[in-house]
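Me: I have a model open and want to go through it piece by piece. Can you take my questions as they come?

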Amino acid sequence: MRVSAARIACSFRFVRNIMNSEILSHSGWSAVFATICIWTGFILVTRHAGTGTLTSWDITSLRFGVGALIAIFFLPRIILPPLKVIALFSLFGGIGYAIAVYAAFRMSPAAHASVLLPGALPFETAIIAWLWLGQKPLRQHRTALIIVFAGIVLTAADSFSRGPQLTRLQILGDLLFLCGSSSWAVFTLLLSRYPVRPLAATVATTLGSAVVYLPVWWLFLPSTLAQAPVGEIAIQAIYQGVLVVFVAMLLYTFSVRRLGSQTVALLMAFVPVISALAAVPLLGEPLTLLTLGGLVAVTVGAVLGTRMPPLKED
């Protein structure tokens, strides 16, 4: 009788573990889906801001300023990671990413942002993980990454095919998008290397970035915040400071913990096709055949990558 009871208890624990694993997996996928929606809006809202009154420095200050006000509320409820981890999270997931990306949006179209930010993310994450952490991609994933890289090349070809219309600013904008994507790729891998709870990682990144950036912006950087319309400031403050820097980052860190850094990076490649197509009617930006080909390539790469077994994490 005791043996039977022990077997029943063991079976119960086994079933419970499977159910918990399934719930966590589903919650990870839900978090990724919500992040994709916010990131899609981020590209459109930020590109629109690039044609407005606010400088890229101002938008970055709204991102960290509003986000920090929310983060302070949660500070008593978490245990912050070590100072080294806060510094790394803030450098790559906060200041480095934001400065590069917001400057780039003033120089290059939303379609290029779509391909070179979330589209390039899985490729750059895999390459950096290989070189830095020794996480060599599986053979099946290499095919998906090669397709994503082809999409990046097609987008670059679109830039250089413009001939006289091509400006140094657009080239610089594309390079800054790649720098921002690389910074976020490092942040993605740091989340796996330092398994901090999602809320703690979000609060640490936001507060660390705000403490360093906001004084520099206030004292030294050019600003048109005082001249900008209230509506423009409100839109950027809510979207950048609440949805992007806090809600999306919280969801992103949660999904990385559940699904793995490189799998999540591949899923983010679904963002380009949605945002680039939406930019045509909403922002009036044309979509060339080369850029469309790049969008198709990164999306196909993402689909192939997510249909394969998850990449191993150290």
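Me: What should helix α8 span, and how far apart are its end C-alpha atoms?
Reply: This is a predicted model. Helix α8 covers residues 198-220, and its 23 residues should span 33 Å at 1.5 Å a residue. The end C-alpha atoms are 33 Å apart, so the two values agree.

Me: Where does α8 bend, and by how much?
Reply: At Ala210, by about 30 degrees.

Me: Now α3. What does that helix reach from its first C-alpha to its last?
Reply: Helix α3, residues 83-104, reaches 30 Å. With 22 residues at 1.5 Å each, 32 Å is expected, and the value is close to that. α3 also has a bend, about 40 degrees at Leu91.

Me: Stepping back, how many helices and strands are there in the chain?
Reply: The protein chain has twelve helices and zero strands. Read along the sequence, the pattern is α-α-α-α-α-α-α-α-α-α-α-α.

Me: And what percentage of the residues count as buried?
Reply: 50% of the 314 residues in the protein chain.

Me: Different topic: which residues form the nonpolar patch on the surface?
Reply: Leu277, Leu289, Leu292, Val296 and Val300. Together they have about 450 Å² of accessible area.

Me: Which helix gives the largest share of that patch?
Reply: Helix α12, residues 289-306, with four residues of the patch. Leu292 is located in α12.

Me: Why is Leu292 called partly exposed?
Reply: Because its relative accessible area is 34%, and partly exposed covers what lies between under 20%, which is buried, and over 50%, which is exposed.

Me: What about Val273, where does that one sit?
Reply: Val273 is in helix α11, residues 271-283. Val273 counts as partly exposed because its relative accessibility is 25%, and the cut-off for buried is under 20%.

Me: How far is Val273 from Val115, C-alpha to C-alpha?
Reply: 8.3 Å, although the two residues are 158 residues apart along the chain.

Me: Last topic, cysteines. What is a disulfide again, in bonding terms?
Reply: A covalent bond between the sulfur atoms of two cysteines.

Me: How many disulfides does the count come to here?
Reply: Zero, with sulfur atoms within 2.5 Å as the criterion.

Me: And Cys37 and Cys179, what are their accessibilities?
Reply: Cys37 has a relative accessibility of 42%, so it counts as partly exposed. Cys179 is partly exposed too, with a relative accessible area of 46%.

Definitions and conventions:
Residues numbered from 1 in each chain as written. Predicted model: local features only at pLDDT ≥ 70, side-chain atom pairs only at ≥ 80, totals over all residues. Heavy atoms only, no water. Patch = residues over 30% accessible without salt bridge, like charges linked within 9 Å, V, L, I, M, F, W, Y side chains within 5 Å. Areas by Shrake-Rupley, 256 points an atom, 1.4 Å probe, with all protein chains shown as cover. Salt bridge = Lys/Arg side-chain N within 4 Å of Asp/Glu carboxyl O. Helix = DSSP H or I, 4+ residues; strand = E, 2+ residues; numbered from the N terminus. Buried < 20%, exposed > 50% of the residue type's maximum accessible area, 1.4 Å probe, protein only. Expected span 1.5 Å × (residues − 1). Bend = angle between axes of the 7 residues up to and from the residue.
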